[in-house]
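User: I've got a two-chain model open and I'd like to talk it through with you. Could we go question by question, with the reasoning spelled out?

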Amino acid sequence: MSVAGTPIEEIPLSLRGPAPTRVLVGYGFWLFLLSDIIIFGVFFAAYAVLSGETAGGPTGPQLFDHGRVLIETACLLASSFTCGMMAIAADRRARAGTYFWAIVTMALGATFLSLELAEFAHMAAIGAVPQRSAFLSSFFTLVGTHGLHVTTGLLWLAVMLAQIATLGFSPAVQRRLLCFSLFWHALDIVWVGVFSIVYLGAH
Amino acid sequence: MDRSADTDSDGAKGAKGTPRDEAPGAHGTGRDRFNAYLAGLIFSTILTLASFWSASTGAIYGPGVPILLGVLAIAQMGVHLVFFLHISSAPDQVNNFLALAFGVFVVGLIVFGSMLIMANLNHMMVPMDKLMQMQR
């Protein structure tokens, strides 16, 4: 990239020519993630406004189990770390390592999801359904949307494993893996907001 | 965000090969990147445990807990952005950084704007029992 020995950082950005495809794809996907985060921001706003409107129904502290949420958080945090390990292995084109860390990531994501579904089932069993109050509507919308994103991420990761098996580590597959890890880390950021505001902030 | 170690050479290194405003683990060897993910995991574990502790303990002045939770959450989001997503103010990250700033601005407007407007509406509204009397 450097012209006749000129160090790259001395060439102005505007004169360096087109950015590598990898950088462009990362930027485009980052824009998508930010728009996704804005969707979550709207649901957070709705929850913040409606969290006190329980209409005589169950309130947050009556429903939320901090121990379960801590385990869910640990699962997502650990899966972010293993997703990073997968990214390193994929850049080395180490097939076995990529599969191993991808499967660990999927297992942690699935554990998170099953804990969340068990919580929803418990809430439904005691009558805390979305129709009960505005608080519960906004709760299920926010937390459910995050859960749907995690589900999508698990499906995406399964598809990526199939693509590595069939297409190998082609540049396109590498870029999709980059986008997947960005998606997975962004979900973790949203979850930080969820457990801080919804579960721990309930009063 | 660009986690390629070998494909491009414009890693925004300073004159002596030192990183300039780069996120840890954005470039470099597998070991550097492993260390960055490990540091991110450790920092966010500490911040998570601090959040859960401060929500359950009675040792902290009650009205201060939500503020503390907010500070811890923002710190943890920052840790995730830097150590996992490798967002930084490095020269090759200008576009990502500006997009992030705009996203944070929009989310802040939506969340705090909604809370402000709805609190104001609640304050101005006729109480429900009076409203029922007026309709009679």
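User: To start with, how many helices and strands are there in chain A?
Analyst: Keep in mind that this is a predicted model. Reading along the sequence, chain A runs α-α-α-α-α-α. The tally for chain A is therefore zero strands and six helices.

User: And what pattern does chain B follow along its sequence?
Analyst: Chain B has zero strands and four helices. Read along the sequence, the pattern is α-α-α-α.

User: What percentage of chain A counts as buried?
Analyst: The C-alpha trace of chain A spans about 75 × 40 × 25 Å along its principal axes. Chain A has 203 residues, and the part of them that counts as buried is 37%.

User: Now the place where the chains meet. Which helix gives the largest share of the side of chain A that touches chain B?
Analyst: Counting contacts, 42 residues of chain A meet 44 residues of chain B. On the chain A side, helix H1 (21-50), H3 and H6 each supply at least two residues. With 15 residues, the largest share comes from H1(A).

User: How do the residues of that side divide into nonpolar, polar and charged?
Analyst: We're still on the side of chain A that touches chain B. Its residues divide into five charged, 10 polar and 27 nonpolar.

User: Let's zoom in on H3(A). Is it largely enclosed by the rest of the structure or not, and how many of its residues are buried?
Analyst: Start with its length: 26 residues at 1.5 Å a residue should span 38 Å, and the end C-alpha atoms of H3(A) are 38 Å apart, which agrees. H3(A) is largely enclosed by the rest of the structure, because the buried residues number 19 of the 26.

User: Is H3(A) roughly parallel or antiparallel to H1(B)?
Analyst: Two packed helices are described by the angle between their axes and the distance between the axes. For H3(A) and H1(B), the axes are 10 Å apart and the angle is about 170°. Angles over 145 degrees count as roughly antiparallel, so H3(A) and H1(B) are roughly antiparallel.

User: How many nonpolar, polar and charged residues does the contact of H3(A) with H1(B) have?
Analyst: From H3(A) come residues including Leu70(A), Leu77(A), Phe81(A) and Ile88(A). H1(B) brings, among them, Arg33(B), Tyr37(B), Leu41(B) and Phe52(B). By class, the contact of H3(A) with H1(B) has one charged, eight polar and nine nonpolar residues.

User: Which helices do the buried residues of H1(B) pack against?
Analyst: H1(B) covers residues 30-56 and reaches 39 Å from its first C-alpha to its last, close to the 39 Å expected. Its buried residues include Tyr37(B), Ser44(B), Leu47(B) and Phe52(B). They pack against helix H2 (65-84) of chain B, plus helix H3 (66-91) and helix H6 (171-200) of chain A.

User: Which helix gives the most to the largest nonpolar core?
Analyst: That core has 71 residues, and those touching the most other members include Phe44(A), Leu142(A) and Val198(A). Helices of both chains each supply at least two residues, among them H1, H3 and H6 of chain A and H1 and H2 of chain B. The biggest giver, with 17 residues, is H6(A).

User: Which residues does Leu142(A) touch, leaving out those up to four places away in sequence?
Analyst: Leu142(A) is one of the residues touching the most other members of the largest nonpolar core. With residues up to four places away not counted, Leu142(A) touches Phe43(A), Phe44(A), Tyr47(A), Val194(A) and Val198(A).

User: I noticed a positive phi at Ala55(A). Is Ala55(A) buried or exposed?
Analyst: Ala55(A) isn't a glycine, yet it has a positive phi of about 50°. It sits in the loop between H1 and helix H2 (60-63) of chain A. With 9 C-beta neighbours inside 10 Å, and 12 or fewer meaning exposed, Ala55(A) counts as exposed.

User: How about His86(B), buried or exposed?
Analyst: His86(B) also isn't a glycine and has a positive phi, of about 55°. Its place is the loop between H2 and H3 of chain B. The cut-off for buried is 20 or more, and His86(B) has 26 C-beta neighbours inside 10 Å, so it counts as buried.

Key: Residues are numbered from 1 along each chain as its sequence is written. Chains are lettered from A and ligands numbered from 1 in the order in which they are written. This is a predicted model: local features need pLDDT of at least 70, side-chain atom pairs count only at pLDDT 80 or more; totals for chains, interfaces and linings use all residues. The expected span of a helix is 1.5 Å times one less than its number of residues. Two residues are in contact if their C-beta atoms, placed from the backbone, lie within 7 Å. Ala, Val, Leu, Ile, Met, Phe, Trp, Tyr, Cys and Pro count as nonpolar, Asp, Glu, Lys and Arg as charged, and the others, Gly among them, as polar. A nonpolar core is a set of buried Ala, Val, Leu, Ile, Met, Phe, Trp, Tyr and Cys residues joined through C-beta atoms within 7 Å. Axes are lines fitted to C-alpha atoms, for helices over the stretch in contact, and angles run from 0 to 180 degrees between N-to-C directions. Angles under 35 degrees count as roughly parallel, over 145 as roughly antiparallel, 65 to 115 as roughly perpendicular and the rest as oblique.
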